Amino acid sequence: MNALEVRDLAFAYGARRALDGVGFSLPAGRFTALLGPNGAGKSTLIALLTRLYDLQQGEIEVGGCSLRRQPRLALRQLGVVFQQSTLDLDLSVEQNLRYHAALHGLPRSVASARIDQELLRQQLHERRHDKVRALNGGHRRRLEIARALLHQPRLLLLDEASVGLDPAARQALNQHVRKLCRDDGLAVLWTTHLLDEVGDQDALLVLDRGRLVAQGETAAICAPHAGSLAHAFDHLTGLGACA
Ligand code: ADP
Ligand code: MG
């Protein structure tokens, strides 16, 4: 079963169309990059997938559960890292996680075990009592990933998670998420406007002005453009590439 199915999604802010005729599926356990320039509709899509906005048109299923008809079952299967950080800077690393575990209704003993496990996996265990304010940008993002995985979703959504990090931290975060995907069979939707965060082996969705202008394997999308993602992106979006 696919981790995510999106069919004929459209969304408008008043008269302004932000998404139109968007349809795709994400296989289980695969890293999928959603590439699009600023204003393409990436965050609007994430807001619809997480039910921050109500659906206007189209269908979304997470792990076979309809977001319209079985919202609790659907939402339970996804974790999200939003574009803007939603951490409480004055709480400790562990307190941020505890709060989220409580929101998900995890019993205290289960929450403690999962928090331990996630902090180890995200290499944040020794920082557990530090206030989030004391963490650098890369660590804060890893904490948000830990939090998004506490309830063991099958699909992780990340909206421009690397924005604001320096190039080394950006690549480290990208590699880290790819490893989670490989090791845990987690499906990942990684949105970005940066070409160097997309790999040849990734599944790729290219969004431009609210429409999916390409979907498939990165290598196949690049093949008609001499194998260059920059050229493919230029051609598909009519924009200069952001390397
Ligand atoms: P991206 O995340 O790819 O940069 P967004 O989903 O934020 O794109 O925006 C898609 C389009 O919708 C843009 O044209 C943007 O200006 C518009 N938009 C986004 N949020 C709002 C809003 N709250 N009200 C009106 N228009 C919006
Ligand atoms: Mg955005």
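Is A161 buried or exposed? A161 comes out as buried, at 1% relative accessibility, and one of the views below looks at its surroundings. This is a predicted model, in which local features need pLDDT of at least 70, side-chain atom pairs count only at pLDDT 80 or more, and totals for chains, interfaces and linings use all residues. Residues are numbered from 1 along each chain as its sequence is written, chains are lettered from A and ligands numbered from 1 in the order in which they are written, and side-chain values use heavy atoms, with hydrogens and water left out.

**View 1. The loop around A161.** A161 sits in the loop between β7 (155–159) and α6 (167–184); helices (H or I, at least four residues) and strands (E, at least two) are DSSP runs, numbered from the N terminus. Buried here means under 20% relative accessible area, with exposed over 50% and partly exposed in between (1.4 Å probe, protein chains only). Setting aside neighbours within four places in sequence, A161 is in contact with R141, L173, W190 and T191, where contact means heavy atoms within 4.5 Å. F82 is 79 residues away along the chain, yet its C-alpha atom is 7.2 Å from that of A161.

**View 2. The shell around ligand 1.** Which residues surround ligand 1? They are Y13, R16, A18, P37, N38, G39, A40, G41, K42, S43 and T44, each with a heavy atom within 4 Å of the ligand. By class, the shell holds four nonpolar, five polar and two charged residues; Ala, Val, Leu, Ile, Met, Phe, Trp, Tyr, Cys and Pro count as nonpolar, Asp, Glu, Lys and Arg as charged, and the others, Gly among them, as polar. Both β2 (16–26) and α1 (42–49) supply at least two shell residues, and α1 gives the largest share, with three.

**View 3. Polar atoms facing ligand 1.** On the side-chain side, a polar atom of Y13 lies 3.4 Å from a nitrogen atom of ligand 1. On the backbone side, a polar atom of A40 is 3.2 Å from a ligand oxygen, and a polar atom of G41 is 3.0 Å from a ligand oxygen. Ligand 1 taken alone exposes 560 Å², and the protein buries 63% of that (Shrake-Rupley method, 1.4 Å probe).

**View 4. Helix α3 and its cover.** Within α3 (residues 93–103), the buried residues are V93, E94, N96, L97, R98, H100 and A101. Their cover includes α4 and α5 (137–149). E94 has 14% relative accessibility, so it counts as buried. Not counting residues up to four places away in sequence, E94 touches I115, R128 and H129. After α3 comes G105, with a positive phi near 75°.

**View 5. E118 in helix α4.** E118 belongs to α4 (residues 108–121) and is buried at 4% relative accessibility. Its side chain makes a polar contact of 2.5 Å with that of R121; such a contact is a pair of N or O atoms within 3.5 Å, and within protein one must be able to donate a hydrogen and the other to accept it, with residues adjacent in sequence counting only if both atoms are side-chain atoms. Beyond its neighbours within four places in sequence, E118 is in contact with A146, L149 and L150.

**View 6. C181 and C222.** The whole structure has zero disulfides (pairs of cysteine sulfur atoms within 2.5 Å). For C181, the nearest cysteine sulfur is that of C222, 19 Å away. C181 is buried at 4% relative accessible area, and C222 is buried at 3% relative accessibility.
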